[in-house]
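Reader: I should like to learn how to read the features of a structural model one at a time. Please give the general idea in each case before turning to the example.

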Amino acid sequence: WQTRLGQTLLLAAAIAHAGLGLTSLASRHSLAMSRTDWVQLLLGLATPPLLVNHVVGLAVASDLVARFSPNYGYVLAVYWRYAPLLALQQLLVVVIVWVHGAIGLYSTLVLRPVWPRLAPVVIPILFAIPILALLGFAHAGEAVLARLASDADWRALIEQNLLILQEMRHRLDVIEYGVYLVYGVAVAAAVGILAANILRRRRSLVVISYDGGVTAVGHIGMSVLEVSRANHIPHASVCGGRARCGTCRIIVPADADLSAPAEAESATLHRVKAPGDARLACQARLLGRPLSVQRVYPAFVDAEAAREPDSWATATEPDLEAVS
Ligand code: HEM
Ligand code: FES
């Protein structure tokens, strides 16, 4: 990220990712999410505001003024000597981003058949990298403080950079507020669309009858899984509703009044060799008429059911047929 190309790619990736995250939030019809999804969403949303002053105070400032030359040593000196609160903020954001990214990576990899072989390598790495990074940060801090005390020229250079930053403060503040404003508007728009989705349809109720005689009420636009979660009905959903695991799948009547399957759903149903009357509860949205569904997996299944759909299907299908 020290080069112009690297910075552009990083910024484009961050904007695309945050945009996709907000789009996914806006397209929900309910806030009935798993705890892991809540943690991932909130950590993701907290990241940009916590990073803005770091990015503006370094990358943007050095673009604006050629004399300003921040390097890693300068950043460490500022954090350890001149602005320890910024250091705490930076440590917090490292932990937040790492936990957020690790949840995403783990949730994707755990569904792959290769996961049992990857796990002994990936899991230690997921823990080791942030711990080593934080230890490195602390160790480098000691070295920087020692150099500040012994190397007057270097200290003068750091303080000169700080002065330049002070002179630019007003311009940088304007840029920071601009970024907060754009981000705030984007988040508010996503939350507004989500609220509109929920409120607009709140009177268009749809009754779902589940296997085992349970019934629940949802509204038009909700997915069957959202209805299950909102009504505390146990329903397997190993991938959290991302059309990847197939564990939420349900058997529905041929004339079920549900949205048509999109490509991701069809691909997953095909991969798990689901019969023609199966749908993914996380993708099938209610259109209006009452519905009866039969869950294929018990709610307690774990990622193994996604990795080994064949062995699970043979183990569970006879029981479920008996239920129907
Ligand atoms: C700019 C700040 C960020 C925001 C606002 C954000 C937001 C989100 C949201 C809302 C999701 C859930 C999307 C869904 O519904 O499936 C998500 C998933 C994810 N995020 Fe972020 N995120 C941010 C930064 C990052 C960073 C820096 C990383 C890399 C370490 C990262 C890695 C991931 C991964 C791996 C997933 C899972 C994607 C998937 O399930 O396909 N995110 N993010
Ligand atoms: S919850 Fe994983 S496919 Fe629906």
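Author: The dialogue below takes up overall form, the ligand site, aromatic rings, backbone angles and distances between residues. This is a predicted model, in which local features need pLDDT of at least 70, side-chain atom pairs count only at pLDDT 80 or more, and totals for chains, interfaces and linings use all residues. Residues are numbered from 1 along each chain as its sequence is written, chains are lettered from A and ligands numbered from 1 in the order in which they are written, and side-chain values use heavy atoms, with hydrogens and water left out.

Reader: How many helices and strands does the protein have?

Author: Helices (H or I, at least four residues) and strands (E, at least two) are DSSP runs, numbered from the N terminus. Here the secondary structure comes to 10 helices and five strands.

Reader: What does the radius of gyration say about the protein?

Author: The radius of gyration is taken over C-alpha atoms, and the globule rule is 2.2 Å times the number of residues to the power 0.38. For 324 residues that rule gives 20 Å, whereas the protein has a radius of 25 Å, well over that value, so it is more spread out than a compact globule. The C-alpha trace spans about 80 × 45 × 30 Å along its principal axes.

Reader: What share of the residues of the protein counts as buried?

Author: Buried means under 20% relative accessible area, exposed over 50%, and partly exposed in between (1.4 Å probe, protein chains only). Of the 324 residues, 38% count as buried.

Reader: Which residues are the closest to ligand 1?

Author: A residue is near a molecule if one of its heavy atoms lies within 4 Å of it. Ligand 1 is surrounded by 16 residues, and the closest are His17, Ser24, His100, Arg242 and Arg244. In classing them, Ala, Val, Leu, Ile, Met, Phe, Trp, Tyr, Cys and Pro count as nonpolar, Asp, Glu, Lys and Arg as charged, and the others, Gly among them, as polar. On that basis the shell has five nonpolar, nine polar and two charged residues.

Reader: Which N or O atoms of side chains lie at short range from ligand 1, and at what distances?

Author: A polar contact is a pair of N or O atoms within 3.5 Å; within protein, one must be able to donate a hydrogen and the other to accept it, and residues adjacent in sequence count only if both atoms are side-chain atoms. An N or O atom in the side chain of serine 24 is 2.6 Å from an oxygen atom of ligand 1. For the side chain of histidine 100, the partner is a nitrogen atom of the ligand, at 2.7 Å. For arginine 244 the partner is a ligand oxygen, at 2.5 Å. The elements that give two or more residues to this shell are helix H1 (4–26), helix H2 (35–64) and helix H4 (84–109). Histidine 100 is placed in helix H4, and with 17% relative accessibility it counts as buried.

Reader: How many aromatic pairs does the structure hold?

Author: A pair of aromatic rings is described by the distance of the centres and the angle of the planes. Rings of Phe, Tyr and Trp (its six-membered ring) pair if their centres lie within 6.5 Å; planes under 30 degrees apart count as stacked, over 60 as edge-to-face and the rest as tilted. The structure holds three such pairs. Tyrosine 106 and tryptophan 115 have ring centres 5.5 Å apart and planes at 85°, so this pair is edge-to-face. Tyrosine 106 is partly exposed, at 37% relative accessibility, while tryptophan 115 is buried, at 7%. Ring pairs also link Tyr79, Trp80 and Phe137 into a cluster.

Reader: Over which ring does the charged end of arginine 81 sit?

Author: A charge sits over a ring if NZ of Lys or CZ of Arg is within 6 Å of the ring centre and within 35 degrees of the ring normal. The charged end of arginine 81 sits over the ring of tyrosine 82, 5.7 Å from its centre.

Reader: Where does histidine 232 lie, and is it buried or exposed?

Author: Histidine 232 lies in the loop between helix H7 (224–230) and strand E3 (249–251), and it is exposed, with a relative accessible area of 72%. Its phi is positive, about 55°, although it is not a glycine. Alanine 243 lies in the loop between H7 and E3 and has a positive phi near 60°. Alanine 243 is buried, with a relative accessible area of 6%.

Reader: What separates phenylalanine 300 and proline 234 along the chain and in space?

Author: These residues are 66 residues apart along the chain, and their C-alpha atoms are separated by 8.4 Å. Phenylalanine 300 lies in the loop between strand E5 (291–295) and helix H9 (304–307). Histidine 100 and isoleucine 164, 64 residues apart in sequence, have C-alpha atoms 35 Å apart.
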